[in-house]
Amino acid sequence: MKLLYFAWVRERLGVAEEEVAPPAAVVDVASLLHWLAGRGGAYAAVLGERERLCVAVNQVYARDPTTPVGPDDEVALFPPVTGG
């Protein structure tokens, strides 16, 4: 699974992207975020602010935490975007 991080998420994690192999129990966005937070350190801090995060799976906005994820997916984590 390829993870992409944008804006303050990238800055606080210190990485723009990474390849991960989550355990089989990671089947949706919610379980992925829980697994990532369990890595501790900056991951726990950043993912502790889930209300300030948006997620896209394969470039489609994942509004529901039960959105499925799989080992070949690209998952992006980013802050909400505003326009004007």
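By class, the lining of the largest pocket in this structure has 9 nonpolar, no polar and 3 charged residues. The structure is a predicted model, and the briefing below moves from that pocket to helix 2, then to the sheet and the nonpolar cores. An open sheet of 5 strands, with mixed pairing, runs in the order 2-1-5-3-4, and a nonpolar core of 23 residues is the largest one in the model.

**The largest pocket**

- The volume of the largest pocket is about 160 Å³, and the elements that give two or more residues to its lining are helix 2 and strand 3.
- Helix 2 gives the most to the lining of this pocket, with 3 residues.
- Among the residues that line the largest pocket are Val29, Ala30 and Leu33, together with Leu53, Cys54 and Val55.
- The lining also includes Arg50, Arg63 and Asp64, as well as Tyr61, Ala62 and Pro65.

**Helix 2**

- The buried residues of helix 2 are Val29, Ser31, Leu32, Leu33, Leu36 and Ala37, and what covers them includes strand 1, helix 3, strand 3 and strand 5.
- Val29 and Leu33, both buried in helix 2, also appear among the residues that line the largest pocket.

**The sheet**

- The edge strands of the sheet are strand 2 (17–19) and strand 4 (60–61), each of which pairs on one side only.
- Strand 1 and strand 2 pair in the antiparallel sense over 3 bridges, and leucine 4 stands opposite glutamate 17 in strand 2.
- Strand 1 is also joined to strand 5, by 4 bridges, and these two strands run parallel.
- Within the pairing of strand 1 with strand 5, lysine 2 has glutamate 74 as its bridge partner, while tyrosine 5 stands opposite leucine 77.
- Strand 3 and strand 5 run antiparallel and are joined by 4 bridges, with alanine 56 standing opposite alanine 76 in strand 5.
- Strand 3 is joined to strand 4 by 2 bridges, again with the strands running antiparallel, and valine 57 has valine 60 in strand 4 as its bridge partner.
- Strand 5 is largely enclosed by the rest of the structure, because 4 of its 5 residues are buried.

**The nonpolar cores**

- In soluble globular proteins, nonpolar side chains tend to be buried together.
- Of the 23 residues in the largest nonpolar core, Val75 and Leu77 touch the most other members.
- The elements that give two or more residues to this core are strand 1 (2–5), helix 1 (7–13), helix 2 (29–37), helix 3 (41–47), strand 3 (54–57) and strand 5 (74–78).
- Helix 2 gives the most to this core, with 5 residues.
- When its neighbours within four places in sequence are left aside, leucine 77 is in contact with Leu4, Tyr5, Phe6 and Val9, with Leu33 and Leu47, and with Leu53, Cys54 and Val55.
- A second, separate core has 5 residues, including Cys54, Ala56, Ala76 and Phe78.
- Ala56 and Ala76, which both belong to this second core, are also the residues that stand opposite each other where strand 3 pairs with strand 5.

Note on methods
Residues are numbered from 1 along each chain as its sequence is written. This is a predicted model: local features need pLDDT of at least 70, side-chain atom pairs count only at pLDDT 80 or more; totals for chains, interfaces and linings use all residues. Side-chain values use heavy atoms; hydrogens and water are left out. A nonpolar core is a set of buried Ala, Val, Leu, Ile, Met, Phe, Trp, Tyr and Cys residues joined through side-chain atoms within 4.5 Å. Buried means under 20% relative accessible area, exposed over 50%, partly exposed in between (1.4 Å probe, protein chains only). Contact means heavy atoms within 4.5 Å. On a 1 Å grid over the protein atoms alone, a cavity is a set of points where a 1.4 Å probe fits but cannot get out, and a pocket is an open set with protein on both sides within 12 Å along at least five of seven lines; lining residues have an atom within 4 Å of a point. Grid points are joined across faces, edges and corners, and a volume is the space filled by probe spheres set on the points. Ala, Val, Leu, Ile, Met, Phe, Trp, Tyr, Cys and Pro count as nonpolar, Asp, Glu, Lys and Arg as charged, and the others, Gly among them, as polar. Two strands pair if DSSP finds at least two bridges between them.
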